[in-house]
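Work through the following exercises with the coordinates open, and check each step of the solutions against the model.

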Amino acid sequence: MSEQAREAPQRRAEGPLRLGTRRSKLAMAQSGLVADAVRQVTGRPVELVEITTYGDVSREHLAQIGGTGVFVTALREALLRGDVDFAVHSLKDLPTAQPAELALAAVPVREDARDVLVARDGLTFAQLPDGARVGTGSPRRMAQLNAYARSHGLTIETVPIRGNVDTRIGYVRKGELDAVVLAAAGLNRIGRIDEATDFLSVDTVLPAPGQGALAIECVADNASLVAALGELDDPYTRAAVTAERSLLAALEAGCSAPVGAFADLLADGQTVKEMRLRGVVGTTDGSTLVQLSTTGPVPGTHDQAMALGRELAAEMLAKGAAGLMGERAH
């Protein structure tokens with residue numbers, strides 16, 4: 001082997017790490033935060049490589065294009081081709097089955113998992129007028145918002161919308177909708193959380209499984225990169241989102257199905273004692289919801305977190321959840 005050939009891989013290893021990201025403003029903001037953290041733990045420069053995914057260019061509603069994987073596939077293909085070294089995803093966009101050739105190297109500390117309302121005139125959800133038009137592209141949000149409105153004697157009309165944060169908030173600013181519902185984490189990451197007019201408690205609207213968390217992925221056989229990225233992993237966040245996604249998988253639902261799930265830690269003073277997992281599935285008109293929770297020891301392993309999700313899913317299916325999943329796109 002020539003001297004040059006021997007040096008080439010070494011130069012690649014020490015060059016900038018290439019981070020694959022979607023092009024949206026939110027994805028770029030998330031990836032920028034991760035790039036800074038990776039620079040700190042590796043001491044290496046990180047460059048962002050923008051990749052367009054099917055979910056970014058399709059104008060169809062997520063429920064119609066199958067939801068799962070539409071924002072992820074192009075990034076994963078770039079990883080497998082070697083075009084990028086690692087990728088950052090919104091964890092709620094990841095399909096629940098993890099491909100063997102890719103490692104979920106890190107799940108950093110979760111942002112605020114709640115949904116927020118951005119309404120005209122600074123209105124909270126309880127202050128919305130009867131018949132208010134509320135925009136969201138998520139069957140999960142529609143089901144719970146309609147159920148919440150119904151329980152408070154309100155009638156709302158949920159309107160399916162798509163688009164980035166600017167587009168969605170624009171519907172309210174232009175007077176086309178009374179309010180839109182967005183993820184708090186996204187608004188936080190792009191510095192616009194002050195535009196939220198109401199934070200929807202997880203007791204009112206359970207978030208999507210994995211909402212507010214990021215996934216950092218790389219090829220599984222790059223052990224040194226897996227280890228370096230692993231420095232950014234938060235074991236509590238990973239246990240929580242693993243349980244939530246296990247529930248989703250056991251209900252056989254993609255990210256466009258009307259499923260909410262949230263795992264949180266129950267502490268006794270400073271000591272974390274238990275993890276509570278809550279799940280909900282419902283019809284989009286909110287007329288029927290199956291909502292259950294389970295509490296157990298904080299999972300110490302991946303398998304224990306998976307088991308927590310499967311157990312709750314089994315209880316939900318026994319209570320009729322399967323019949324409410326019929327609105328999925330196949």
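**Exercise 1.** Find the residue that stands opposite Met-275 in strand 13, and place the pair in its sheet.

*Solution.* Met-275 stands opposite Gly-296 in strand 13, where strands are DSSP runs of E with at least two residues and helices runs of H or I with at least four, numbered from the N terminus. Strand 12 (residues 271-282) runs antiparallel to strand 13 and is joined to it by nine bridges; two strands pair if DSSP finds at least two bridges between them. These strands belong to an open, antiparallel sheet of three strands in the order 11-12-13, with strand 11 (259-268) and strand 13 (289-297) as the edge strands, each pairing on one side only. From one strand to the next, the twist averages 20 degrees.

The model is predicted, so local features need pLDDT of at least 70 and side-chain atom pairs pLDDT 80 or more, whereas totals for chains, interfaces and linings use all residues. Residues are numbered from 1 along each chain as its sequence is written, and side-chain values use heavy atoms, leaving out hydrogens and water.

**Exercise 2.** Determine which helix lies across strand 12 and strand 13, and at what angle to strand 12.

*Solution.* Helix 10 (residues 302-318) lies across both strands, running at about 40 degrees to strand 12. Axes are lines fitted to C-alpha atoms, for helices over the stretch in contact (heavy atoms within 4.5 Å), and angles run from 0 to 180 degrees between N-to-C directions.
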